[in-house]
Amino acid sequence: MTEKLPEKADLHDSLRKGVRELCARFPDPYWRELDVERAYPTAFVKTLTEAGYLSALIPEEYGGSGLSITEAAIILEEINRAGCNSGACHAQMYIMGTLLRHGSREQKQRYLPKIADGELRLQAFGVSEPTTGSDTTQLRTTAVRKGDKYVVNGQKIWISRAEHSDLMLLIARTTPVEQVKKRSEGLSVLLVDMREAVGRGLTIRPIRTMMNHATTELFIDDLEVPAENLVGEEGKGFKYLLDGLNAERILIAAECIGDGRWFIERATRYAKERIVFGRPIGQNQGIQFPIAKAYAHVEAADLMRIRAAELFDSGRPCGPEANMAKMLAADASWEAANVTVQTFGGFGFAEEYDVERKFRETRLYQVAPISTNLILSFIAEHVLGLPRSY
Ligand SMILES: Cc1cc2nc3c(=O)[nH]c(=O)nc-3n(C[C@H](O)[C@H](O)[C@H](O)COP(=O)(O)OP(=O)(O)OC[C@H]3O[C@@H](n4cnc5c(N)ncnc54)[C@H](O)[C@@H]3O)c2cc1C
């Protein structure tokens with residue numbers, strides 16, 4: 001592991017401090033109330049945007065702060081560590097790379113400065129479909145070129161923040177699967193302007209889930225998207241999707257590390273304060289060992305996340321590390337969540353302690369944006385050279 005340069009260490013400290021101070025303005029009751037209503041944290045996301053944190057990855061020439069994935073991950077980690085929820089706004093960071101790497105200069109000039117100053121929100125990523133699941137190459141939404149437009153038809157599911165985003169990156173098939181050599185060819189990425197699309201071919205239906213995540217189902221019926229909104233080359237969308245996955249994995253890992261640390265802090269504090277049988281419950285090894293073990297797992301996962309981010313930022317391959325970081329961090333935060341509920345006893349189930357809310361929130365990362373099984377398949381096939389299992 002490389003030693004941090006002093007100026008980098010200062011930057012990281014000040015980022016952590018700044019995010020922590022901002023999050024302190026959105027304490028537990030704010031999230032609790034939104035959770036009951038399943039309402040979007042508009043004020044929180046607006047404050048983060050105005051403070052410039054969500055434009056961390058946008059280059060300075062387009063009005064962002066031009067930071068790296070390491071710093072973006074620190075921002076999301078601190079949000080979750082403070083008890084807030086990055087799930088409300090993380091997509092702006094993890095899909096940014098697609099636009100940065102593959103968008104035209106004109107697209108970048110048109111959208112990035114407005115995203116950076118908060119005039120436009122790029123928070124929706126339309127990949128998943130009800131019938132194809134994890135097998136993205138089989139997706140059925142089509143985009144057919146007609147003159148200077150694409151006409152899009154299909155259905156998407158689990159598209160989070162669609163109601164709170166002005167732009168969406170949408171993946172659709174532009175060449176029928178029977179006309180391509182490989183199933184991964186013939187998919188394309190379109191930038192959909194939600195303000196124009198809703199009611200003109202795009203219908204959004206919210207899905208109520210076990211946690212507050214603003215996720216939705218999209219029904220797309222003859223939606224017209226200007227051909228100039230094609231990102232990169234037609235037919236290369238799957239490659240662009242894969243290009244962005246390492247960033248997404250690292251950022252989600254950081255959120256899980258933040259969750260894990262939040263749980264450990266709460267469990268430790270409670271274990272010191274709660275007196276049963278005349279002594280703090282944390283004096284019992286049956287309580288302190290699981291917390292200590294969860295702590296060790298969170299810290300170990302963090303090393304993998306730091307390693308993956310360093311590789312990513314230096315432009316080196318990091319697929320195995322990014323995937324392992326996401327899996328280890330998601331497992332560690334889930335373990336910490338379970339341990340914290342156990343430590344709190346009955347109060348772990350009471351809404352006013354926030355443990356049950358965070359427990360529900362961190363459970364998601366075993367499944368989305370990629371399930372643990374698919375990460376294990378990736379490691380088995382691409383790192384260990386075992387036969388492809390699907
Ligand atoms: C709250 C929420 C928010 C989301 N937000 C978004 C979003 O913004 N945009 C978006 O595009 N998607 C989003 N998703 C979708 C998410 O990425 C998928 O749910 C996830 O990738 C899993 O796909 P699936 O649900 O279709 O499960 P499936 O692919 O149907 O899999 C079901 C189970 O079977 C397992 N499985 C499948 N195939 C194999 C195999 N070959 N080997 C071993 N196990 C296998 C999986 O691991 C999983 O456990 C979201 C999902 C949720 C729940």
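## Ligand shell

In this predicted model, 23 residues surround the ligand, counting a residue when its C-beta atom, placed from the backbone, lies within 6 Å of it. The closest are Val127, Gly133, Ser134, Trp158 and Ser371. The shell holds 11 nonpolar, 12 polar and no charged residues; Ala, Val, Leu, Ile, Met, Phe, Trp, Tyr, Cys and Pro count as nonpolar, Asp, Glu, Lys and Arg as charged, and the others, Gly among them, as polar.

Strand S1 (122–126) and helix H13 (372–383) each supply at least two shell residues, and H13 gives the most, with three. Helices (H or I, at least four residues) and strands (E, at least two) are DSSP runs, numbered from the N terminus. The ligand lies between domain 2 (122–237) and domain 3 (242–383), because both give residues to its shell.

## Domains

The chain is divided into domain 1 (6–116), domain 2 (122–237) and domain 3 (242–383), with bounds from an automatic or database domain assignment. The contact between domain 1 and domain 2 takes 17 residues from each, two residues being in contact if their C-beta atoms, placed from the backbone, lie within 7 Å. On the domain 1 side, nine of these residues are nonpolar, six polar and two charged.

## Nonpolar core

The largest nonpolar core (buried Ala, Val, Leu, Ile, Met, Phe, Trp, Tyr and Cys residues joined through C-beta atoms within 7 Å; buried means 20 or more other C-beta atoms within 10 Å of a residue's own) has 117 residues. Helix H9 (residues 237–273) gives the most to this core, with 16 residues.

## Basis

Residues are numbered from 1 along each chain as its sequence is written. Local features need pLDDT of at least 70 and side-chain atom pairs count only at pLDDT 80 or more, while totals for chains, interfaces and linings use all residues.

Technical notes. Buried ≥ 20, exposed ≤ 12 C-beta atoms within 10 Å, placed from the backbone.
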